[in-house]
Amino acid sequence: MARHPLEDLIDARIRAAQADGAFDDLPGAGKPLPPENALENALFDRVVKENGAVPEFVSLKRELERLREELAETGDRAKRREILKNMSMMDARIDLARKAYRR
C-alpha cells in the first residue's frame, strides 16, 4: 500500500524530537508495557473499538476480496495479470500480518 504523504513529515518530526531529547526521561522509561487488559489501556482500547479498528490481516483480507471481485468483472488480460499479481502479494502480506498478530 502507498504511504500517506504526511508519514514522511511525521517521521522527520519524530526523529528531530528524538535528537533534541524530547523523549528522554519520560515517566515509565525502561519499564515494561502494561498488560493488554490493564486499566492504563482502557481508554485506548475503547477508542480503537469505537472506531472499528481491526487487525491488519482482517483489512488485508477485505482488500483481497475486493481484488477477487475486480478479477471476476474484468476481461482484459493485462488487467487480469496485474490483479493476479496483486492477489499473490496480498496472500503473502496476510500471512505475515497473521504471524505478527499472534505474537
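So, salt bridges: with a side-chain nitrogen of Lys or Arg within 4 Å of a carboxyl oxygen of Asp or Glu as the rule, the count comes to six. Before I go through some of them, a word on what we're looking at. This is a predicted model, so local features need pLDDT of at least 70 and side-chain atom pairs count only at pLDDT 80 or more, while totals for chains, interfaces and linings use all residues. Residues are numbered from 1 along each chain as its sequence is written, and side-chain values use heavy atoms, with hydrogens and water left out.

Okay, let's start with Arg66. Arg66 pairs with Glu70, and their closest N and O atoms are 2.8 Å apart. These two are four residues apart in helix α3, so about one helical turn separates them. When I say helix, I mean a DSSP run of H or I with at least four residues, and a strand is a run of E with at least two, numbered from the N terminus. Arg66 is partly exposed, at 38% relative accessible area. On that scale, buried is under 20%, exposed is over 50%, and partly exposed is in between, using a 1.4 Å probe and protein chains only.

Now over to helix α4. Lys85 and Glu82 meet there through their side chains, at 3.8 Å from N to O. They sit three residues apart in α4, about one turn of the helix. Lys85 has a relative accessible area of 49%, which counts as partly exposed, and Glu82 is partly exposed too, at 37%.

Further along α4, there's Lys99 with Asp95, where the closest N and O atoms are 3.3 Å apart. That pair is four residues apart in the helix, again about one turn. Lys99 is partly exposed at 43%, and Asp95 is partly exposed at 36%. And some bridges share partners: Glu63, Arg66, Glu70 and Lys79 are joined into one network that way.

Let's zoom out. What is the overall layout? Along the sequence you read α-α-α-α, so to speak: four helices and zero strands. Helix α1 covers residues 5–19, which is 15 residues, and reaches 23 Å from first C-alpha to last, close to the 21 Å expected. That expected span is 1.5 Å times one less than the number of residues. For α4, with 26 residues, the reach is 38 Å, close to the 38 Å expected. Right after α1 comes Gly21, which has a positive phi, near 85 degrees.

How much of the protein is buried? Of its 103 residues, 14% are. As for contacts, meaning heavy atoms within 4.5 Å, take the ones with a separation of 6 or more: residues 24 or more positions apart account for 45% of those.

So where's the core? In general, nonpolar side chains in soluble globular proteins tend to be buried together. A nonpolar core here is a set of buried Ala, Val, Leu, Ile, Met, Phe, Trp, Tyr and Cys residues joined through side-chain atoms within 4.5 Å. The largest one has 10 residues, including Phe57, Leu60, Met90 and Ala97. Two elements give two or more residues to this core, α3 (56–73) and α4 (77–102).

Staying with α4, its buried residues are Ile83, Met87, Met90, Ile94 and Ala97, and α3 is part of what covers them. Take Met87: leaving aside neighbours within four places in sequence, Met87 touches Leu64, Leu67, Arg68 and Leu71.

Between α3 and α4 there's a loop, and Thr74 is in it. Buried or exposed? Thr74 is buried, at 18% relative accessible area. Beyond its neighbours within four places in sequence, Thr74 contacts Lys79, Arg80 and Ile83.

Last stop, the outside. The protein exposes about 8,900 Å², with carbon and sulfur atoms supplying 55% of that; the areas come from the Shrake-Rupley method with a 1.4 Å probe, and for residues only the protein chains shown count as cover. There's a nonpolar surface patch of about 520 Å², made by Leu6, Leu9, Ile10, Ile14, Phe23 and Leu26. Patches are built from residues with over 30% relative accessible area and no salt bridge, joining like charges within 9 Å and nonpolar side chains (Val, Leu, Ile, Met, Phe, Trp, Tyr) within 5 Å. Of the patch members, Phe23 lies in the loop between α1 and α2 (42–50), and Phe23 is partly exposed, at 40%.
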